[in-house]
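The questions below ask why certain terms are applied to this model. Each answer sets a value against its criterion and concludes.

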Amino acid sequence: MAVTDKSLRIARNHLYPLQAWYCIGLFIFIIAIFHWISFLHSKFARRRPTSSPSDPEHASVHRRHAFSWRRVPLGLVNAYRVISFRCTLEFGKSYTLNLAEVFVTMAYIIFLFVWAFINTTDLEGRTLYISYWCNRSGMLAASQFPLITALGTKNNIVSLITGISYDKLNYVHRMMARVVFILLCVHAGSEVVRNSPYPWLVWGLIATIAFAILCIVSLRPVRAQAYELFFYIHFAMVFIFLIGAYVHTQNFSVAFWIYPCFIIWGLDRLIRVVRLVVFNHSYFGFKSGSMMDATAEFLSGDFVRLRLHRPSHFHWAPGQTAYLIMPSVSRLPFEAHPFTIASLNSTLFDDISVAKGNLGSSAPSWKELVFFINVRKGFTARLKDAALKGDKIKVFVDGPYGLSPNLGLCDISVLIAGGSGVSYTLPVLLDIIERVRNGESKCRRIVFIWSIRSIDHNYWIDNVLIRALRLAPPYLSISIHIHVTSAPKTIKTLPQLYAAEIRNSSLFAIESVKLTHERPDLQAILGDEVKAATGGMSVSVCGSQSIVRSVRGALRFPVSSPFRVANGGPSVILHVESFGYA
């Protein structure tokens, strides 16, 4: 059979999208292999024996060793972490891309467009012939939508096999969608030039316009300033786009790239609905289970604390988030918003020796779900109004989501938070203390840094910190730094009850707790810890972009260099949970 341009085009139009999937699948597989090797190493690695107060050698993590060739591979791994995740490109004051994200973005752009325009010379020698790349660009774009849809869901297999949390994969979801949109514009423009307005073409244009609106409303400024608008438009435009894309591709018998999107999206929604029913069964007519109406308390500044009884089947790990649905606060009945869980799923505070006495208003029951919510516009502003009225709020809980940092093999853990970011670092602190008490962690030093605008913010968690310090074993060194960034307040300006607590020095009388009226010098603090330590060191940060940038900058070369690691310095792992809309 003679080879014709048409036969070549058809063969390549079907082959190249499959090749694209093979390449992307291989990339995901490689990441998964590294993740599971790391997971198994942390799971089965021989851990340092638990030290005790009578073991002074292990009581200190500040030890030095000479250069060791055995530590060179660890130093190279540390260099990879610094280059990939701590070296960044900064756009304005609130947007940052690390080099790993930059690499993935550029590689995906180059890869997709090379596959779209390679081998587009026809049999007569005409290069970049439109008949070759017109339909191929559309086929390549269509082939990416199942993965784009999967990356946008809360329950996706990519997160499961790679260990990358769904919220971090969401950057890849948006990046792929925007690159594919450009490819769709190439396809749509060439189709309009070559064809009359057939119904299949009209549906394709409708899908492209809906996708264009999606890309516009998903831009960071729109999401940051009008998240609810983004939420509603995103839902509607995705539905319109998928319908239009399905009708358009069905005309060419390639709708098999589109209908999996409906299945993936529907499966994710089904899982979330089942979890909602299981975790909130008392709201759905079941007799078992207690009602879960939440109490909203307006705290100092623009912060609200939300407390509700933990659902009987709901379990979570430190640092995870839950999606909260509040029909009386939201504009739509099932509008969900994510918040980090500030309480600990543990019986740590059930210790009789420290459980006596008044817990104080800042020490919630650990049979509760507790959230510290920063009030902005829209949903959180309405939640603040409900808190001021003292209303009980009906809350549906969906989750937990995200990954908990694995700090069991780290000798030193530095926890840094700004404002409500303490929702992330506080349960991590308590979890480390519990694991050390149980002999499940070799951590020997914790540095807890909290930057707040006003001294009365400390009222949120002061009793929790006191009890945590009492529970810590004597061989676990804990240093707490509370930094107040606003002008110092006198005792007279504070609420009378809390002023009395300050006078009694319940927290600040403890030697390991330091109160400073200035911003934390993270460069100096982290530099000192790195210089003095050896072994494994983790730094976990949850706060504004300025805090995250400071931490990343402090942990670059030469502070965290392969030469320092090879000479006995610590291998530093950085966990970032930043505020805002990534």
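Q: How do the contacts in the protein divide by sequence separation, taking those with a separation of 6 or more?
A: The model is a predicted one. Residues 24 or more positions apart account for 78% of those contacts. The protein has 19 helices and 15 strands, and 49% of its 582 residues count as buried.

Q: What makes Leu369 buried?
A: Buried means under 20% relative accessible area. Leu369 has a value of 0%, and is therefore buried. This residue is found in strand β7.

Q: What does Leu369 touch, leaving out residues up to four places away in sequence?
A: Leu369 touches Leu306, Arg307, Leu308, Arg310, Pro311, Phe314, Trp316, Ile341, Ser343 and Val397. Of Leu369 and Phe314 it can be added that they are 55 residues apart in sequence and 9.7 Å apart in space, C-alpha to C-alpha.

Q: Why is Asp431 called buried?
A: Its relative accessible area is 14%. The cut-off is under 20%, so Asp431 counts as buried. Asp431 lies in helix α14 and touches Pro318 and Leu344, when residues up to four places away in sequence are not counted.

Q: What makes α15 mostly covered?
A: Nine of the ten residues of α15 are buried. They are Asp462, Asn463, Val464, Leu465, Ile466, Arg467, Ala468, Leu469 and Leu471.

Q: Which residues have the most contacts inside the largest nonpolar core?
A: They are Val422, Ile433, Ile446, Phe448 and Ile461, in a core of 41 residues. At least two residues of this core come from each of β7 (368–374), β10 (412–418), α14 (422–437), β11 (445–452), α15 (462–471) and β12 (477–484). The largest share, eight residues, is that of α14. Another core, of 40 residues, lies apart from it and has Ile24, Leu147, Phe181 and Phe241 among its members.

Q: Why are α5 and α11 called roughly parallel?
A: Helix α5 (residues 130–151) packs with helix α11 (residues 259–279) at an angle of about 15°, their axes 8 Å apart. Angles under 35 degrees count as roughly parallel, so α5 is roughly parallel to α11. The crossing of α5 with α11 is right-handed.

Q: Which residues make the contact of α5 with α11, and how do they divide by class?
A: From α5 come Phe145, Pro146, Thr149 and Ala150, which meet Pro260, Cys261, Ile264 and Trp265 in α11. By class there are seven nonpolar residues, one polar and no charged.

Q: Why are α17 and α18 called oblique to each other?
A: The axes of helix α17 (residues 522–532) and helix α18 (residues 545–554) cross at roughly 40° and come within 9 Å. Roughly parallel needs an angle under 35 degrees and roughly perpendicular one of 65 to 115. The angle of roughly 40° fits neither class, nor the antiparallel one over 145, and the pair is therefore oblique. α17 passes α18 in a right-handed crossing.

Q: Which residues of α17 and α18 meet, and how many are charged?
A: Leu522, Gln523 and Leu526 in α17 meet Ile547, Ser550, Val551, Gly553 and Ala554 in α18. Five residues of this contact are nonpolar, three are polar and none is charged. Gly553 goes with the polar residues, because Gly is placed in that class.

Methods: Residues numbered from 1 in each chain as written. Predicted model: local features only at pLDDT ≥ 70, side-chain atom pairs only at ≥ 80, totals over all residues. Heavy atoms only, no water. Axes fitted to C-alpha atoms, helices over the stretch in contact; angles between N-to-C directions. Helix = DSSP H or I, 4+ residues; strand = E, 2+ residues; numbered from the N terminus. Left-handed = near helix turned anticlockwise from the far one by under 90°. Contact = heavy atoms within 4.5 Å. Core = buried A, V, L, I, M, F, W, Y, C linked by side-chain atoms within 4.5 Å. Buried < 20%, exposed > 50% of the residue type's maximum accessible area, 1.4 Å probe, protein only.
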